Amino acid sequence: MSLDKKRSIKQQRAIRLTLSYLVIGLVSLIIIYPLVWTVGASLNPGNSLLSSSIIPKNMSFEHYQDLFNGKVDYLNWYYNSMKISFSTMVLTLIFVSFTAYSFSRFRFVGRNNGLMLFLLLQMIPQFSALIAIFVLSQMLGLVNSHLALILIYVGGMIPMNTYLMKGFIDAIPRDLDESARMDGAGHFRIFIEIILPLSKPIIAVIALFSFTGPLGDFILSTTILRTPDQFTLPIGLYNLVAQKMGASYTTYAAGAVLIAVPVALLYLWLQKFFVSGLTAGGTKG
Amino acid sequence: MNKLSKIALACTLTLSASSVFAQEVLNVWEDIQKSKGIAQAIADFEKEFDVKVNVLESPYAGQIEKLRLDGPAGIGPDVLIMPSDQLGAAVVQGLISPVTMTDEQKAQYTQSSIQAFTADGELYGYPKVVETLVMFYNKDKIAQPFETLDQYKQYSKSQKEGNFGLIAKFDQVYYAFGAMNAYGGYIFGQDDKGNYNVEDIGLSNAGSVEAVTYLKTFFDEGLIPSGIYGDNGLNAIDSLFTEQKAAAVINGPWALEPYQRAGVNFGVAPLPKMPNGKAMTSLLGVKGYVISSWSKNPELANKFVQYINQAKYAKIRFETTKEIPPVVEVINDPIIKDNEFASAIATQSQVAVPMPSIPEMSEVWNPINSALQLGLSGKQDVKGALNDATNQINSQIEAFRSGL
Amino acid sequence: MQQTSISTKTNHALVALILGIFPGGGQYYNKQILKGLIFSVFLISFFSASKDLITHGLWGLITLGEKPRVDNSIFLLAEGIITVLLVLFALLIWYIAIVDGYKNGKRRDEGKEVNSVRKQYKNLLDSGFPYLMITPGFIILVFVVVFPIIFGFSIAFTNYNLYNAPPAKLVDWVGFKTFVNIFSLKLWRNTFLDVLQWTVVWTVIATTLQCTVGVLLAILVNQKDLKFKPIIRTIFILPWAVPGFVTILVFAGMFNDSFGVINNSILPFFGIEPKAWLTDPFWTKTALIMMQTWLGFPFVFAMTTGVLQAIPDDLYEAATMDGAGSYTKLKTITLPLVLYSIAPIIITQYTFNFNNFNIIYLFNNGGPAVPGSNAGGTDILVSWIYKLTMSSSQYAIASAITILLSIFVVGIALWQFRKSSSFKNDEMA
C-alpha cells in the first residue's frame, strides 16, 4: 500500500470521526436542553414555566420544599407510584413470559387465534372504555384500590409484550430445549433453566416498559383511584397543572425532576442487559 | 335471677355502647385547598350533633363527573361542591336532589346566587362563593386604574419591547363575554320570567361582532401577545403579571393568592368601560354546596350545609380562603366593605350576568371558544367565525335534544 | 379404574357423546370417575349457584332496566356482558367434557385402553401445559381488556348521552342510529374524516421519523473507533427515561408563541422567523412530530444498538475481503439485519403512535381550533374520543367512533399480516 493511500485512509477516518462527533454533539444538545430547562424551571421562583432564563436569577428551592412540607402529598404519591409500578412490572413479567413461552414453543389448538387476538387487542386503546373499567372494578369491590389498577395495567401490557417476547424466544435455537429434554427436563424446567436466562435482554426491555408505563398514565388511574391518599405521581402532578386557576408549573417541574431520577437510574441499571446482546434476536437472519 | 339480670345488664351496656359508636357519618367533598375554610364550622357541627364529618378535597369542576361514577358505587359523598353552570346537566341526569329552604333562609343569600342554583323552579344548592372577573393592576406601573378600555389600550401602546399594558384571555368566552355583553351580546335569550330560550343565541349578533372586532385590535397591534392562546395561556398571563412584565390583567379572585405570594404590589378594580360608554360586564359564577341523590341521609346533609353557611362561619371562610360568600350579612360587614379586593368583586358582581345554568350550556363553551380564537387571531373573519359557532351550538343542542 | 375393553363392535363414542349432555356423564360411562366428578361438580355448581345471576344478567342486558332511578342501565349492561362471558366460559368447559367423553369412547371402540389417572395427569401436564401457562394471563386479559372493549362497543348501539343518563333516565338500545348520524350529519362526517386523515399522517410520519433517527444514530454510535460510547448511549437514552408527560408539558412551555424559548431565543439565533407553534395547525403538527421524534427515538436506538452488537465481526471481515466498502457493508449487512430484527418493535411503535393520546392532549389539547369542525386541529381519533366522552358526555358517539377506529386499525393489521412473510415463517414447527 502506498503512503498516499494510507494517508488518505487516515484522513477519511478523521473526517468520518469528526462528523460523527459533531452529529452526536448536536443531538446531545437537543436532548439535554429541555431537560436542563426543566431543572431550571424547578428552581425558579413563582408559578410559571415560561420563565425566560434557563438559569434562574434568584435560585430557590422553595418548590422542592413544597413537595415535602406537606403542601402537596408528594411522598405518598411517590410511594404509591413505586408500589404500583413495581407490582405491575413483576406481574407483567410473570404472565408475559408464561404466555410468550407457550406461544413460541407449543403448537396447540387455538394458538393461531390466540396470537391474532393478542395482536388485535394491543391496537384498541384500553382507555376508550373508561366507564367499563370503572364499573368492573366496582362490581369486584376494587374501586379506589391499587390492586385493580395494577391488574388493569398488567392486562394492557400482556398483548404487546407477549408479542415482543415470543419473537425473541422464537429465535432461541430449539436444539437447546431438545438436549435438555434428553436429559429428562420437563417443560417448566426448560422454561426456567434455559429459556428465561437466555431471554434476559427482552426481559429487561419488558421490565422497563411495564415499570415506566404506569408512570406515564393519568387517565386510567384517575378513573380507578378516587381519593387523594391513593393518588399516584402522574395524577398528583397533573392535578398541580390541570387546575385552570393557580396552576403551579414550577412545583410540577420539581416533582417531575424527582421522578425522572429513579427511572433514569433503572434504565442505566438495565441497559447493560439489552445492549450487551440481543444475541438470539439479532443474528438469526 | 342473678344470671338473668347480668344478661340484661350486658344487653343494656351493649345497646348504649352501640348507640355511642353508631355515630352518623357525613361525607363531604370540598374544593381543593379550601377545606381549611370550613374546618371550624365542621368541628362545631360534629360536637353539636354528634356526627362524624369526613372531608375530601378534589377540584370543584370535576366533582359532578366523579359523582356520576362514585354515587352508584356507594363511595360518593353526601355533600359536594359544584359551579352553578353545571347545575342543569346535573339535574337532567338526576345526580343531585333538591334542597328545602324557607323564604327567610333564602333571604340570607343574595338573590342572584339563589337564582343560579334554581332549575325548573326548584332550588338545588346552597351558594358558597361568588366569583367574577376584575381588573388587577400593578400599582408600581399604573397609579390609578383607568376608566376605559381605550385608556388601557393607549397605555399598552406606550409599552416597550417585552412589556405589556393590559392582557386578558379574550380568546375564551368567559373573558370576552363582558365586552360582548356591553354591546348587546348574550348567550341565551331570556323571557320576562327569566327562562332561557336556547334557540336564541346572541353570541354572533351585531353587538357581539362589534365587540370582538374591537378586542381583535389588541391582538392585531401586538398589544396582547398571541402566546396567551390555548390551554397554557392563563399560565402565561399569570407569569407576565407576576414577573411585572404586564401592567394589568383581567382575572378572577383565584389569582389573588398567587399574585400576593409573588410579591407584586397590585390593586384591584371593577372592569373598565367599553368605547361605547357602557361598562364591561362579566359572567357571574357561583359555587355552591349540593346534595347527592345517593346520600343516605339527605336531611342531615341539609342541616349540615345550613349550619356551615351561617354568617359567622361564612365570615371565617372569607378570612381563611378569601372566597366571597354571597351571604348578605357578610357582604355588608366591614370585613368585606373595607377590603379593596373584596369590594371590587362585590361591585363588579352587581353588573355581572349569572351564567346560564341550563344543561345546554355545556354545548356552548367549545364552539364559541374556538370561534374567538379563530376570529381574534385572524384565521377567520370575526363575523364568520362567530356565526359558525352559533350554528354549531344550535345544531348540537338540536341533535342532543332529539335524543341522538 | 383401569379398564380394558376388547369388544369389536361397540358404540361407546356415541353413548359417551349423548351422556355428555349431563356434565361429566361421558366420563362416568368411560369409567373415568374422577374426571367425571370434576366436570360434574364444577358445571353443576356453577349453573345452580349462578342461576339467578344469569337470569338477572340477561334480563338487564336485554332491557337495560325498566324503572328509572331504580335500575341503572350502565351497570346492568356491564353485569349482562359479564354474565354472558361467564356462561360462555362454562359452556366451553361443558363442550370440552363432551368432546373428551367422545374421544375416550372412540378409543374404547377401537379397542384401545382408556388412560389411567396417572397417565391422564401426565397427558394433562404435557398437552395441557401451554394452556396452563396461558390461562392466568388470559383471564386477566378477558376481564380488563376484552370486557371493557365489548362494553365500550355496546354503548355505540344505545342512546347513552347527557340527556339519557342514569339515574334520572334509562338507556335504550337504538341499533345503528348513531352510526347513521355520524355519516349523515355533515359536521360529524367532515370532522371524522379530517381527524382520521391527520391520525394516519401523524402515525406514519412521526413513527417513520423516530425509527429512522433511532437506527441511524445507533449505527453512528456503534462505529468501532468512536470513543465515550457508554456516555453517549446514556445521554441518548434520557428522553426515554424521563416520563413523557413531564417532558411534553415542558415542551408546551418552550413552544409558546410569544414567550417560549424556541421563538424567543433559538429561532432568532439561527435567523429564522418565529413560528405560530400553538395557534397555526400546520406548525402545531410540525412541533408534535418533532417532539415525538425526540421522545420516541431512544427506544429504537437502544434496540438497534443491541442488534448491532450481536452481529458477528466475521460477517464484516468476509465482506471486507470481498472488497466491499463501508457503504456496501451498511447496505448489505447492517441494515437488513437490523431491520429484520427490530421489525416487530417498529410495528409496535406505529400502533403506539396511532393511539398516542398523551402527547396530543398534553401539548395543546388537540388545538388550535379549526373552522367547521368539532375537534381541534391536531386531535387524533383517541383524543377526540376522550373529549367527546369527558367534556360533552356524548358516550354513544364516542363509542361509535371507537368502533370505526378499531375497524380501521384491525383492517390494516390483518391486511399487513396476510402480506408479511415473517408471519408465515413463524408457522414452521
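**Reading strands, cores and helix contacts**

Visitor: Let's start small. Which residue in E13(B) is the bridge partner of B:Tyr137?

Guide: In E13(B), B:Tyr137 bridges to B:Gly267. Keep in mind that this is a predicted model.

Visitor: How do I read such a pairing, and in which sense do E8 and E13 of chain B pair?

Guide: In general, the strands of a sheet pair through backbone hydrogen bonds, in either a parallel or an antiparallel sense. Here, strand E8, residues 134–138 of chain B, pairs with E13(B) in the antiparallel sense, over four bridges.

Visitor: Now the whole sheet, please. What is the order of its strands?

Guide: Read across the sheet rather than along the sequence. You get E9-E12-E8-E13 in chain B, an open sheet of four strands with mixed pairing. Strand E9 (164–167) and strand E13 (266–269) of chain B are its edges, and each of them pairs on one side only. From one strand to the next, the twist averages 15°.

Visitor: Which helix lies across E8, E9 and E12 of chain B?

Guide: Look for helix H10, residues 233–242 of chain B. Strand E12 covers 246–251, and H10 runs at about 140° to E12(B).

Visitor: Let's turn to another strand. How many residues of strand E7 of chain B are buried?

Guide: Burial here is a neighbour count: a residue is buried if 20 or more other C-beta atoms lie within 10 Å of its own. E7 of chain B spans residues 125–131, and seven of the seven are buried, so this strand is largely enclosed by the rest of the structure. For its pairing, go to strand E14, residues 283–292 of chain B: E7(B) and E14 run antiparallel to each other and share six bridges. To find the spot in the viewer, pick B:Val129, which stands opposite B:Lys287 in E14(B).

Visitor: What about a residue in a loop, say B:Val99: buried or exposed?

Guide: Count its neighbours. B:Val99 has 21 other C-beta atoms within 10 Å, which is why it is classed as buried. Its loop runs between strand E4 (96–97) and helix H5 (103–106) of chain B. Leaving aside residues up to four places away in sequence, B:Val99 touches B:Leu123, B:Tyr124, B:Gly125, B:Tyr126, B:Ile291 and B:Asn302. For a sense of scale, B:Val99 and B:Asp150 are 51 residues apart in sequence and 46 Å apart in space, C-alpha to C-alpha.

Visitor: And nonpolar cores? Which residues touch the most other members of the largest one?

Guide: Think of a core as a set of buried nonpolar residues joined through contacts. The largest one holds 300 residues, and B:Phe136, B:Ile167, B:Ala176 and B:Ala248 touch the most other members. The element giving the most to this core is helix H6 (residues 146–170) of chain A, with 14 residues. Apart from that core lies another of nine residues, including C:Ala13, C:Leu19, C:Phe39 and C:Ala97. Zoom in on B:Ile167, and you'll find B:Ile224, B:Ile228, B:Ile237, B:Leu240, B:Ala246 and B:Val249 touching it, with residues up to four places away in sequence not counted.

Visitor: How do I read two helices packed together, and at what angle do H11 and H16 of chain C cross?

Guide: Two packed helices are described by the angle between their axes and the distance between the axes. For helix H11 (residues 244–254) and helix H16 (residues 357–364) of chain C, the axes come within 8 Å and cross at roughly 35°. The crossing of H11(C) and H16(C) is right-handed. The H11(C) side of the contact includes C:Phe245, C:Ile248 and C:Leu249, and the H16(C) side includes C:Ile359, C:Leu362 and C:Phe363. By class, the contact has eight nonpolar, three polar and no charged residues.

Visitor: What does the interface between chains C and A look like, by class of residue on the chain C side?

Guide: First the tally of contacts: 75 residues of chain C meet 76 residues of chain A. Helix H7 (residues 129–155) of chain C supplies the largest share of the chain C side, 17 residues. By class, that side has 52 nonpolar, 19 polar and four charged residues.

Visitor: Finally, how many helices and strands do chains A and B have?

Guide: Chain A has 13 helices and zero strands, while chain B has 18 helices and 15 strands. Buried residues make up 49% of the 285 residues in chain A and 53% of the 404 residues in chain B. The C-alpha atoms of chain B fill a box of roughly 100 × 55 × 35 Å along the principal axes.

Note on methods. Residues numbered from 1 in each chain as written. Chains lettered and ligands numbered in written order. Predicted model: local features only at pLDDT ≥ 70, side-chain atom pairs only at ≥ 80, totals over all residues. Pairing = 2+ DSSP bridges. Axes fitted to C-alpha atoms, helices over the stretch in contact; angles between N-to-C directions. Contact = placed C-beta atoms within 7 Å. Nonpolar A, V, L, I, M, F, W, Y, C, P; charged D, E, K, R; others polar. Buried ≥ 20, exposed ≤ 12 C-beta atoms within 10 Å, placed from the backbone. Core = buried A, V, L, I, M, F, W, Y, C linked by C-beta atoms within 7 Å. Left-handed = near helix turned anticlockwise from the far one by under 90°.
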